[in-house]
Structures are given as structure tokens and as C-alpha cells.
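Let's take a friendly walk through a protein fold. Have a look at the structure, and then we'll go through it piece by piece.

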Amino acid sequence: MSANKFQATMRSGPMPGKTFPIENEEAIVGRDLANDIVISDPEVSRRHARFYIRDENVFVEDMGSTNGTFLNGERISSPQQLRNGDVVTLGESVVLVFEKITEEPADTVAVPPEEATDSPIADAFPDEGLPPPPPQPHFEPETYQPPADTGYYRQDGPKQPSPEEEEPSVPLMSIREEQKKKAKQGGLPTWMIILIVAIVVIVCVIAVTLWFMPASWWCAITFDALAGCPLP
């Protein structure tokens, strides 16, 4: 007599490829750890749905979940019988595939003891009852041959540079001297440029002031030594 086994395999969700056997008459599915099938997913309610077996048939029923239970893409509101290959979706992200596995018993024939002794093998080996095992072929052990040296070698990670290939370190003093040379080659220092600009501005201001200064000021500055100044 054949025996049926039922299971649900997760196609997508927190545990893809996980198989949940349906062995008892009822299996509750949900996030609660007390359930028969625990699925930790935010789309799954604490007690989302249940599988139950009636007369060698498996049914699925929604238990008032928030995001609903779907059978082959359609939301269910009442118990539905499952067939091999049906797709049960919990919410939007958890997909279970129902599988029905039928196991056929192996065909075995019992041989009475008196008939077993009349076989040709038993007559040829009366003491042992079974023929000796056939001779095993003899194999010569292969000797290990190292691979030819092709100039390449295997590495498990990136090649590390040898001490000869490492770049020589540059002394810190040499870097500072190089920076000073570049600064000298670039032109005058900043403070000198500022000083020259300030002097030029002062000279320009003095020249403009003297140019527009009235004649009486010139006489006062030169103590009436210029021509045209009034005599004291």
C-alpha cells in the first residue's frame, strides 16, 4: 500500500529552500514561536494560516491574518484543498510550494528456507550457503608526478611585493627641502608682496594730495620761499 507524505517548501522569504513537513492533522503557520511552522517575516501575522489533513487530503485556511493568504495568486477566505505544486503566498513576500510525495513499498518476495537450499548456488557451496565474492581487479598504485615548472605559481591571495620591489622610502627632510625650493622658485614671499603694495598705495595717496593741494598750503610748507607767496 502506498503512503503519502506532505510538505511545503519555501520558494521566497526569510529561509529560501527550507522544507516544512506537514505530518500532524493540523499545522499552524505564523511568526509566533509556539506555531508548528515558524516564519519570521514582517508580512506574516503571529497566527497567519493553518494546514490540516482530512481523508488523505491537505487543506489551507487563513486565520484572519492582516496581509492575507493567497492560493495560486488568489486571496482565499475559506478552506481550500491543495494539490501537488500549488503555490501558497503569505502576505506579499513569503511563497510556499505544496508538495505531495507518494512512496511505493518495495516489492519483496519471501523465499522459504527449504527452497533456498535447493538452489544451484547452495549445492555448489553447501557449507557456506553463499558464493565467494568475485575477484577484485588489481590496480597498480599511481605515483605522484609533480607538475612541470611553467614559471607560474598558485597564490591564494594578491601577490605581495618582495623587499626588492618595494618602493624606497623618501626621508621627511628631503620632502621639506623640496617644498622650500618650490616656494623660492615660485617668486617673492607673501609678506614682501603686501609691503610693496602698501608702499605704492601710500605714495599714490601723497602724490594725489600734493597735486590737488591749494597754493597757500605750498607757501606754508615752504615758509613762503616759493615765487608768488606773499611776503611776511
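## Starting with contacts

Before anything else, one term: two residues are in contact when they have heavy atoms within 4.5 Å of each other. Keep in mind, too, that what you're looking at is a predicted model.

Now try the term out on Leu 90. Setting aside its neighbours within four places in sequence, Leu 90 is in contact with Val 29, Ile 39, Glu 43, Val 44, His 48, Ala 49, Gly 68, Thr 69 and Leu 96.

## The big picture

The protein has 232 residues, and 21% of them count as buried. It contains five helices and eleven strands. If you take the contacts with a separation of 6 or more, 37% of them link residues 24 or more positions apart.

What about the outside? The accessible surface adds up to about 18,700 Å², and carbon and sulfur atoms hold 58% of that.

## A six-strand sheet

Strands of a sheet pair through backbone hydrogen bonds, and they can do it parallel or antiparallel. Here, six strands make an open sheet with antiparallel pairing, and their order is 2-1-11-10-7-8. Strand 2 (19-22) and strand 8 sit at the edges, each pairing on one side only.

Zoom in on one end of that order. Strand 1 (residues 3-12) pairs with strand 2 in the antiparallel sense, over four bridges. If you want a spot to click on, find Thr 9, whose bridge partner in strand 2 is Thr 19.

## Strand 3 and its two partners

Is strand 3 (residues 26-30) largely enclosed or largely open? Four of its five residues are buried, so strand 3 is largely enclosed by the rest of the structure.

Strand 3 also has two pairings worth tracing. With strand 5 the pairing is antiparallel and runs over four bridges; Glu 26 stands opposite Tyr 52 there. With strand 4 (residues 37-38) the pairing is parallel, over two bridges, and Gly 30 has Val 38 as its bridge partner.

## The nonpolar core

In soluble globular proteins, nonpolar side chains tend to be buried together. The largest nonpolar core in this model has 23 residues, and Ile 39, Phe 51, Leu 90 and Leu 96 have the most contacts inside it. So Leu 90, the residue we began with, turns up again here, and its contacts include Ile 39 and Leu 96.

Which elements give two or more residues to this core? They are strand 1, strand 2, strand 3, strand 5, strand 6, strand 10 (87-90) and strand 11 (94-103).

## A nonpolar patch outside

Some nonpolar residues show up on the surface instead. Trp 191, Leu 195, Ile 199 and Val 203 make a nonpolar surface patch of about 430 Å². Ile 199 belongs to helix 4 (residues 190-212). With a relative accessible area of 46%, Ile 199 is partly exposed, and that fits a patch, because patch residues need over 30%.

## Two loop residues with positive phi

Most residues other than glycine have a negative phi. Glu 56 has a positive one, near 65 degrees. You'll find Glu 56 in the loop between strand 5 (49-54) and strand 6 (57-62), where it is partly exposed at 46% relative accessible area.

Asn 72 also has a positive phi, near 55 degrees. Its place is the loop between strand 7 (69-71) and strand 8 (74-75). Asn 72 is partly exposed, with a relative accessible area of 45%.

Technical notes. Residues numbered from 1 in each chain as written. Predicted model: local features only at pLDDT ≥ 70, side-chain atom pairs only at ≥ 80, totals over all residues. Heavy atoms only, no water. Buried < 20%, exposed > 50% of the residue type's maximum accessible area, 1.4 Å probe, protein only. Areas by Shrake-Rupley, 256 points an atom, 1.4 Å probe, with all protein chains shown as cover. Patch = residues over 30% accessible without salt bridge, like charges linked within 9 Å, V, L, I, M, F, W, Y side chains within 5 Å. Salt bridge = Lys/Arg side-chain N within 4 Å of Asp/Glu carboxyl O. Pairing = 2+ DSSP bridges. Core = buried A, V, L, I, M, F, W, Y, C linked by side-chain atoms within 4.5 Å.
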